[in-house]
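Work through the exercises below with the sequence and the model open. Each task is followed by a solution in steps.

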Amino acid sequence: TSEADLLTKPQTMDPSLMSATHALITKYSGANAPNVGIAVTETNGSKYSDTAPQGLFAPDQYLTLMEEGAFTVDWWDLRNGTDCTGLTTVDGATEYNDGGMVSSGASCEPAVNTPFPSYYGTQMISKLGSPGDALVAASSSTSLVSAHAVKRTNGDVDVMLINKDPNNAASVNLSFSGFTPG
């Protein structure tokens, strides 16, 4: 319903959904359970799909789902398209109602394949970690700042913090358990 509402959605996903899915996998696949993964094959923030809030929502959604056990997360969709009606403005940027990560090149949109904020937000995940790195537990003392962390194969720890308050900056203090920053 609002920019602020969208930014709270990844953290309000019902965690019992993933634990119930893991329980069903164990129940019905028995000894094969460790070989059965959970794929989230469609996610999106829907409202504000082409503006800055999606650029924050996308990495938070991906990382939250992966921390809860998904081995892959797919965004709806790469290129979607729009009918160019009902365009609005969010934080000074046009909301094209496209839903894709890149422009389809519709007459009211930027050139085809122009990245939207969800593209850049998702790209930030590759700055947080690389293949072989491991997600590690991270938390925040406030619901308006998401914390995600990766332990790199070289032993370093990278942290991604996402401020979910569209109106206020956030000051943070970091503390570590089992890791001493250099």
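A residue is called buried when its relative accessible area is under 20%, exposed when that area is over 50%, and partly exposed in between. By this rule D60 is buried, and K164 is buried too. The model used throughout is predicted.

**Exercise 1.** Locate the salt bridge of D60 and state which parts of the chain the pair ties together.

Solution.
Step 1. The partner of D60 is K164, with 2.6 Å between the closest N and O atoms.
Step 2. D60 belongs to helix α3, whereas K164 sits in the segment after β7, so the salt bridge ties together parts 104 residues apart in sequence.
Step 3. A search of the whole structure gives 3 salt bridges; the pair of D60 and K164 is one of them.

**Exercise 2.** Describe the surroundings of R152 and find the network that its salt bridges build.

Solution.
Step 1. R152 is placed in the loop between β6 (145-151) and β7 (157-163).
Step 2. The relative accessible area of R152 is 18%, so R152 is buried, given that the cut-off is under 20%.
Step 3. Beyond four places in sequence, R152 touches K127, L128, G129, S130, D133 and D158.
Step 4. With D133, R152 forms a salt bridge whose closest N and O atoms are 3.2 Å apart. D133 lies in the loop between α4 and β5 (134-136) and R152 in the one between β6 and β7, so this pair ties together parts 19 residues apart in sequence.
Step 5. A salt bridge also joins the side chains of R152 and D158, at 2.6 Å from N to O.
Step 6. D133 has 18% relative accessibility and therefore counts as buried, while D158, at 23%, counts as partly exposed.
Step 7. Through shared partners, the salt bridges join D133, R152 and D158 into one network.
Step 8. K127 contributes its backbone oxygen, which lies 2.9 Å from a polar atom of the R152 side chain.

**Exercise 3.** Find the disulfide and determine its handedness.

Solution.
Step 1. The whole structure contains 1 disulfide. C84 and C108 form it, with their sulfur atoms 2.2 Å apart.
Step 2. The torsion about the S-S bond is about -85°, so the disulfide is left-handed.
Step 3. C84 is in the loop between β2 (70-75) and β3 (88-90), and C108 is in the loop between β4 and α4; the pair therefore ties together parts 24 residues apart in sequence.
Step 4. C84 is partly exposed at 24% relative accessibility, and C108 is partly exposed with a relative accessible area of 24%.

**Exercise 4.** Place N113 and list what it touches.

Solution.
Step 1. N113 is in the loop between β4 (93-95) and α4 (117-128).
Step 2. With a relative accessible area of 40%, N113 is partly exposed.
Step 3. Outside four places in sequence, N113 touches R79, V102 and S103. With R79 there is a polar contact between side chains, at 2.3 Å.
Step 4. The C-alpha atoms of N113 and D14 are separated by 34 Å, with these positions 99 residues apart along the chain.

**Exercise 5.** Which element gives the most residues to the largest nonpolar core?

Solution.
Step 1. The largest nonpolar core has 22 residues, and Y62, A70, V73 and W75 have the most contacts inside it.
Step 2. At least two residues each come from α2 (15-29), β1 (38-43), α3 (52-67), β2, α4 and β7.
Step 3. Helix α3 gives the most, with 5 residues.
Step 4. A70 is in contact with M18, I38, V40 and L65, leaving aside neighbours within four places in sequence.

Technical notes: Residues numbered from 1 in each chain as written. Predicted model: local features only at pLDDT ≥ 70, side-chain atom pairs only at ≥ 80, totals over all residues. Heavy atoms only, no water. Helix = DSSP H or I, 4+ residues; strand = E, 2+ residues; numbered from the N terminus. Buried < 20%, exposed > 50% of the residue type's maximum accessible area, 1.4 Å probe, protein only. Polar contact = N/O pair within 3.5 Å; in protein donor to acceptor, adjacent residues only side chain to side chain. Contact = heavy atoms within 4.5 Å. Disulfide = S-S within 2.5 Å. Core = buried A, V, L, I, M, F, W, Y, C linked by side-chain atoms within 4.5 Å. Salt bridge = Lys/Arg side-chain N within 4 Å of Asp/Glu carboxyl O.
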